[in-house]
Amino acid sequence: MKKVKVQNITEIMNRLAPRQFAEEWDNPGLLVGSFSAEVEKIFVCLDVTEETVQNAVDFGANLIIAHHPVIFRAVKNFRTDLPLGKKIETLIKNDVAVFAAHTNLDSVEGGVNDVLAEKIGLIDVKPFGEEFSLGRIGYLPNKMDAENFAKHVAKVLNVDAVRLIDAGNFEIEKVGLCGGAGSEFISKAKFLGAQAFVTGDVKYHEAQSAVENKIHVVDAGHFATEFPIVHVLAEKLKAECENLGYNVKIAEDTTSRDVFKNILKG
Ligand SMILES: [Zn+2]
């Protein structure tokens with residue numbers, strides 16, 4: 001069996017989510033560790049949190065593949081008494097490298113947004129703009145009213161509740177979506193003919209303009225609209241490693257939960 005290096009895995013990742021599809025402001029790629037380090041075990045997750053780092057270390061991972069970059073803004077210190085420095089310290093002490101595929105994984109075919117569209121059951125799904133871009137637009141097989149559509153989204157994403165921004169009494173056939181924080185695309189989806197948009201992290205004034213724009217919005221949460229990619233990505237990595245004869249074990253994060261909880265009045 002050939003020895004597998006971080007470099008070999010990043011080559012796979014660059015095929016699955018080419019870096020050139022990342023937004024300009026993004027920070028994907030190898031963020032912690034070395035390309036020449038050996039890899040026997042990989043842990044796939046959405047976020048590099050204290051908990052996922054611990055789970056990766058317990059699994060014996062040499063590499064974490066995450067969606068959200070653990071280092072995003074310019075770092076001016078490595079204070080190990082603060083959460084980020086502490087995480088980086090734990091990663092380095094345990095020889096765990098971290099690679100992120102962020103907006104490149106959102107945009108690529110079969111990435112975050114296609115997985116979300118598939119979960120919702122959209123057909124004839126297309127990117128918003130160029131061949132690859134953030135956001136997708138597609139059709140429901142059968143028209144639905146806003147409330148039933150919101151219930152459907154909650155069900156397929158397995159969440160207790162979603163927030164519906166009800167823009168009036170009209171049915172939904174064409175749906176736009178963007179996993180994570182995608183409310184900047186609500187008006188684009190409307191322009192492309194969508195009657196509804198699915199995303200997370202919608203703010204009050206964005207919701208108000210959606211109503212004015214006559215497009216329903218389902219805010220299903222940042223976490224719930226992106227988490228399904230973890231399993232899909234882990235499976236793709238497994239298949240690629242098998243094809244290449246890489247003896248690598250891959251585990252996926254199954255324990256992370258949305259940081260937001262819905263508490264109903266008692
Ligand atoms: Zn995200």
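Let me start with W25. Its relative accessibility is 51%, so W25 counts as exposed. The cut-off for exposed is over 50%. Keep in mind that this is a predicted model.

What does W25 pair with? W25 and F72 form an aromatic pair. The geometry is edge-to-face, with 6.2 Å centre to centre and 70° between the planes. Now the positions. W25 sits in the loop between α1 (6-16) and β1 (29-32), and F72 sits in the loop between β3 (63-66) and α3 (83-93), so the pair ties together parts that are 47 residues apart in sequence. And F72 itself? With a relative accessible area of 34%, F72 is partly exposed.

Next pair. F128 and F185 are tilted, at 5.9 Å centre to centre and 55° between the planes. Again, two loops are involved. F128 lies between β5 (123-127) and β6 (136-144), F185 between β8 (172-181) and α7 (186-191), so this pair ties together parts that are 57 residues apart in sequence. Are these two rings buried or exposed? F128 has a relative accessible area of 7%, so F128 is buried. F185 has 13%, so F185 is buried as well. There is a third ring here: F128, F185 and F197 form one aromatic cluster. Over the whole structure, the search finds 4 aromatic pairs. I have shown you two of them, W25 with F72 and F128 with F185.

One contact of another kind. K41 lies over the face of F59. The distance is 5.0 Å from the ring centre.

Now the metal. Which residues coordinate the zinc ion? They are H68 and H222, each through NE2, and E226, which is listed with OE twice. Distances run from 2.1 to 2.5 Å. In sequence, the donor residues are spaced H-x153-H-x3-E.

Why is the arrangement irregular? The 4 donor atoms subtend angles of 55 to 129° around the zinc ion, and that makes it irregular. To count as tetrahedral, four donors need all angles between 85 and 135 degrees. For reference, the ideal angle for four tetrahedral donors is 109.5 degrees.

Last point, the helix. H222 and E226 both lie in α9, residues 222-226. They are 4 residues apart, about one turn of the helix. Their accessibility values are worth reading out. H222 is at 24% relative accessibility, so H222 counts as partly exposed. E226 is at 3%, so E226 counts as buried.

That is the tour: the aromatic pairs, the lysine over a ring, and the zinc site.

Note on methods. Residues are numbered from 1 along each chain as its sequence is written. This is a predicted model: local features need pLDDT of at least 70, side-chain atom pairs count only at pLDDT 80 or more; totals for chains, interfaces and linings use all residues. Side-chain values use heavy atoms; hydrogens and water are left out. Donors are N, O and S atoms within 2.8 Å of the metal (3.2 Å for Na, K and Ca); water is not among the atoms, so sites may look incomplete. Four donors count as tetrahedral if all angles lie between 85 and 135 degrees; four count as square planar and six as octahedral if opposite donors are over 155 degrees apart and all others between 65 and 115; anything else is irregular. Buried means under 20% relative accessible area, exposed over 50%, partly exposed in between (1.4 Å probe, protein chains only). Rings of Phe, Tyr and Trp (its six-membered ring) pair if their centres lie within 6.5 Å; planes under 30 degrees apart count as stacked, over 60 as edge-to-face and the rest as tilted. A charge sits over a ring if NZ of Lys or CZ of Arg is within 6 Å of the ring centre and within 35 degrees of the ring normal.
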